[in-house]
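Hi everyone, thanks for coming. Please have a look at the structure on the screen, and I'll walk you through a few parts of it.

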Amino acid sequence: MPYKITRKIQAVSSLCSEKEVQTMKKFVTSKKFAHISIASLHLLAQKMGELFCSLDTWYKYVRTYEWNRPWKIEKIKEHKVGIRAQRPNELWHIDVTVVKIRAGLKFYVQAIIDNFSRLVLAWNVTREINAKNTIETLTRAKLKATELLNPTEKSQVMMDPGGENNNKIVTAFLNSKNLTRVLARVDVQFSNSMVERLFRSLKNSFLYHQTIRTFTDLQRMADFYFTQHNEIIPMLVLSGGTPKEIYISEWTQEKKNLLKHHHHEAILRRKNLSQSPACRVCPI
């Protein structure tokens, strides 16, 4: 038993006898008293003439010995898996986030991310949220997708049912560009969490650590971060590839194996270095 826990038990054990501890445990862990709180149990035990200890002493023993009440149920953690595409351009996510520069001054960053590769196809820094800006961002994404892959299949665009997305102007544009709108938590049970996660990273990992005074500053910062996200930063969820490498199928199994090979070689070098003598033997 760890030293600290042993000391705790010794300190608490000096307050009650072993028989009293067992009596207290019976009250705390018995199903007969499961519906009674610890505070009421310490009074009930006194009224029954079985145990006379303070409420603080009861709490100390419950914490020290980690007694569990018989009704205590461990919560089962549910790991939800979001919607996943099987190929590039099968599903896009579009959303907008607010960036507050100072009191009374705020701008907006709108972005479109490909579900399969995590590639940010387009982004737009705007002064307001409206259908016109949404169409501009969608146009940029369509041009980028055509430049990189020239897809022929129809793409779904998941968006929140906000006024800048759910309107006749955006609907007409989507239909003309071979795109289908999917409203998050309306048409499907899934949320728009992938692009929301992108915005959290943009803000918490980058923007909040920069000095942004003007609209132009925010544009420059957004361009830098999204370019880094697409082309420089490898992702664990993509097995070490960057979003652009996944999108255009450049992150091959051969490159993954080469990365593992270099990792294995580094382990062997560290092992040999640790087993080698610290210095040469001095001559007699």
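Let's begin in a loop. S249 lies between α9, residues 243-247, and α10, residues 253-275. Before I go on, please keep in mind that this is a predicted model. What is the sign of phi at S249? Phi is positive there, near 60°, and S249 is a residue other than glycine. Is S249 buried or exposed? S249 has a relative accessible area of 57%, and the cut-off for exposed is over 50%, so S249 counts as exposed.

There is another residue to put beside it. R185 is found in the loop between β5 and α7. R185 is not a glycine, yet its phi is positive, about 60°. With a relative accessibility of 61%, R185 is exposed.

Now to the sheet. In which order do the strands lie? Reading across, we get β3-β2-β1-β4-β5, so to speak five names in a row: 5 strands in an open sheet with mixed pairing. At the edges are β3, residues 120-126, and β5, residues 179-183, and each of these pairs on one side only. From one strand to the next, the twist averages 25°.

A word of background for those new to this. Strands of a sheet pair through backbone hydrogen bonds, and the pairing can be parallel or antiparallel.

Let's see both kinds here. β1, residues 91-102, pairs with β2, residues 105-114, in the antiparallel sense over 10 bridges. To find one of these on the screen, look for R102, whose bridge partner in β2 is L105. On to the parallel kind: β1 and β4 pair that way over 3 bridges. Here W92 stands opposite V157 in β4. β4 and β5 are parallel too, with 5 bridges, and S155 has L179 in β5 as its bridge partner.

How many residues of β4 are buried? The count is 4 of its 5 residues, which leaves this strand mostly covered.

Next, the helices that go with the sheet. Helix α5, residues 131-148, packs on the sheet and touches β1, β2, β3, β4 and β5. The direction of α5 makes about 150° with that of β3. One residue to pick out in helix α5 is N133. N133 has a relative accessible area of 11%, and buried means under 20%, so N133 is buried. Which residues does N133 touch, leaving aside its neighbours within four places in sequence? They are Q110, N124, T126 and E128.

Helix α7, residues 193-205, lies across β1, β2 and β3. This helix runs at about 30° to β1.

And α7 brings us to our last stop, the largest pocket. The volume of this pocket is about 380 Å³. The lining has 18 residues, and those closest to the centre are R118, M194, R197, L198 and M235. Two elements, α7 and α8 (215-231), give two or more residues to the lining. Which of the elements gives the most? That is α7, with 5 residues. By type, the lining divides into 8 nonpolar, 7 polar and 3 charged residues.

So, if you turn the model around yourselves, you might start at the edge strands β3 and β5, then look for α5 packed on the sheet, and end at the pocket where α7 gives the most to the lining. Thanks for listening!

How values were computed
Residues are numbered from 1 along each chain as its sequence is written. This is a predicted model: local features need pLDDT of at least 70, side-chain atom pairs count only at pLDDT 80 or more; totals for chains, interfaces and linings use all residues. Side-chain values use heavy atoms; hydrogens and water are left out. Two strands pair if DSSP finds at least two bridges between them. Axes are lines fitted to C-alpha atoms, for helices over the stretch in contact, and angles run from 0 to 180 degrees between N-to-C directions. Contact means heavy atoms within 4.5 Å. On a 1 Å grid over the protein atoms alone, a cavity is a set of points where a 1.4 Å probe fits but cannot get out, and a pocket is an open set with protein on both sides within 12 Å along at least five of seven lines; lining residues have an atom within 4 Å of a point. Grid points are joined across faces, edges and corners, and a volume is the space filled by probe spheres set on the points. Ala, Val, Leu, Ile, Met, Phe, Trp, Tyr, Cys and Pro count as nonpolar, Asp, Glu, Lys and Arg as charged, and the others, Gly among them, as polar. Buried means under 20% relative accessible area, exposed over 50%, partly exposed in between (1.4 Å probe, protein chains only).
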